[in-house]
Structure formats: C-alpha cells, structure tokens
Amino acid sequence: MDSIVVTSEAKLRHLIDAAVDAAVSRTAPRLTQAAENRPGKGWLTNREAQDYLGLSKATLARYRSEGMLPYSKIGASVYYRLADVEGLLEASRV
C-alpha cells in the first residue's frame with residue numbers, strides 16, 4: 001500500500017521546480033547537440049528526429065500513427081521535415 005505524504009504547497013512547488021530543472025539539465029545537452037548536427041536540407045531521419053526530440057523509437061512511431069507528427073516514407077526509411085518537428089515542440093510548449 002502506498003503511503004500518504006502531507007506537505008505544504010510551497011514545499012511541493014519547490015520539489016516540482018527541482019525535478020523540472022533536473023530534467024531540463026539532462027535534456028538540454030542532447031537538444032543542443034542535435035541542433036548542431038541538423039542537416040541543412042531541412043529533413044531529419046528517424047534516428048535524427050529521435051535524438052532531436054529525446055524520444056524513443058516507439059514514442060516517435062506512436063506520434064506518427066496518431067497523426068501528431070507528419071512524415072514521409074521511402075521504402076523502409078522514415079523522414080520528417082525539420083519544420084514539422086520544431087512545430088511539434090512549439091505546439092507542446094507549456
């Protein structure tokens with residue numbers, strides 16, 4: 001059985017802020033590296049999109065199947081327009 005923890009709103013906000021800061025600090029280097037390695041043609045491979053967004057292969061496949069992220073497919077290779085990938089990030093902005 002899970003325990004119940006009682007805390008103040010201020011302490012909870014502090015814990016949430018600390019968790020968000022930690023997540024951002026882990027993700028930011030990957031995004032920076034992916035941005036530096038972006039192809040100039042405006043298209044990303046499946047692997048590049050995974051790295052750029054910090055998502056697993058399965059999550060990216062789910063985004064495709066749910067229509068969240070448009071894509072092009074040539075044979076077994078999947079490609080994403082960089083503008084669409086960045087649009088997904090912008091649309092998900094909180």
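This report describes the fold, the buried core, the surface and the charged pairs of a predicted model.

**Overall architecture**

The chain contains 4 helices and 3 strands, and when these are read along the sequence they follow the pattern α-β-α-α-β-β-α. Of its 94 residues, 19% count as buried. The chain exposes about 7300 Å², and carbon and sulfur atoms supply 55% of that area. Among the contacts with a separation of 6 or more, 45% are accounted for by residues 24 or more positions apart.

**The nonpolar core**

The largest nonpolar core consists of 12 residues in all, namely Leu44, Ala49, Tyr52, Leu53, Leu60, Tyr63, Leu69, Val78, Tyr80, Leu82, Val85 and Leu88. Helices H2, H3 and H4 and strand E3 each supply at least two residues of this core. One of its members, valine 85, is in contact with Leu44, Tyr52, Leu53, Leu69 and Tyr80, once neighbours within four places in sequence are left aside.

**Helices H3 and H4**

Helix H3 spans residues 57–65, and within it Thr59, Leu60, Tyr63 and Arg64 are buried. Seen down the axis of H3, these buried residues fall within an arc of 145 degrees, so they line one face of the helix. The face turned away from the buried side carries Lys57, Ala58 and Ser65, which are exposed. The packing partners of the buried H3 residues are helix H2 (46–53), strand E3 (77–81) and helix H4 (82–91). After H3 comes glycine 67, whose phi is positive, near 80 degrees.

In helix H4 the buried residues are Leu82, Asp84, Val85 and Leu88, a set that includes the charged residue aspartate 84, discussed below with its salt bridge to arginine 81. The buried residues of H4 pack against strand E1 (43–45), H2, H3 and E3.

**Proline 70 in the loop after H3**

Proline 70 is found in the loop between H3 and strand E2 (72–74), where it counts as partly exposed at 45% relative accessibility. Although proline 70 and tyrosine 80 are 10 residues apart along the chain, their C-alpha atoms are separated by 6.8 Å. Not counting residues up to four places away in sequence, proline 70 touches Tyr80 and Asp84. Of these two partners, Tyr80 belongs to the largest nonpolar core, while Asp84 is one of the buried residues of H4.

**A nonpolar patch on the surface**

Nonpolar side chains also appear on the outside of the model: Leu12, Ile16, Val20 and Val24 form a surface patch with about 340 Å² of accessible area together. Valine 20, a member of this patch, lies in helix H1, which covers residues 9–36. With a relative accessible area of 45%, valine 20 is partly exposed.

**Salt bridges**

Side chains of opposite charge can pair when their charged atoms come close. The structure holds 5 salt bridges, and the table lists three pairs, including the N to O separation of each.

| Basic residue | Acidic residue | N to O separation |
|---|---|---|
| Arginine 47 | Aspartate 51 | 2.8 Å |
| Arginine 81 | Aspartate 84 | 3.2 Å |
| Arginine 93 | Glutamate 90 | 3.4 Å |

Arginine 47 and aspartate 51 both lie in helix H2, where they are 4 residues apart, about one turn of the helix. Arginine 47 is exposed, with a relative accessible area of 51%, whereas aspartate 51 counts as partly exposed at 33% relative accessibility.

How is the accessibility of aspartate 84 classed, buried or exposed? Aspartate 84 is buried, because its relative accessible area is 19% and the cut-off for a buried residue is under 20%. Its partner arginine 81 is partly exposed, with a relative accessible area of 41%. Aspartate 84 therefore combines a buried position with a salt bridge to arginine 81 and a contact with proline 70.

In the pair formed by glutamate 90 and arginine 93, the arginine is exposed, with a relative accessible area of 65%.

Technical notes. Residues are numbered from 1 along each chain as its sequence is written. This is a predicted model: local features need pLDDT of at least 70, side-chain atom pairs count only at pLDDT 80 or more; totals for chains, interfaces and linings use all residues. Side-chain values use heavy atoms; hydrogens and water are left out. Buried means under 20% relative accessible area, exposed over 50%, partly exposed in between (1.4 Å probe, protein chains only). The arc is that of the directions from the helix axis to the C-beta atoms. Contact means heavy atoms within 4.5 Å. Patches are made of residues with over 30% relative accessible area and no salt bridge: like charges are joined within 9 Å, nonpolar side chains (Val, Leu, Ile, Met, Phe, Trp, Tyr) within 5 Å. Accessible areas come from the Shrake-Rupley method with a 1.4 Å probe; for residues, only the protein chains shown count as cover. A salt bridge is a side-chain nitrogen of Lys or Arg within 4 Å of a carboxyl oxygen of Asp or Glu. A nonpolar core is a set of buried Ala, Val, Leu, Ile, Met, Phe, Trp, Tyr and Cys residues joined through side-chain atoms within 4.5 Å.
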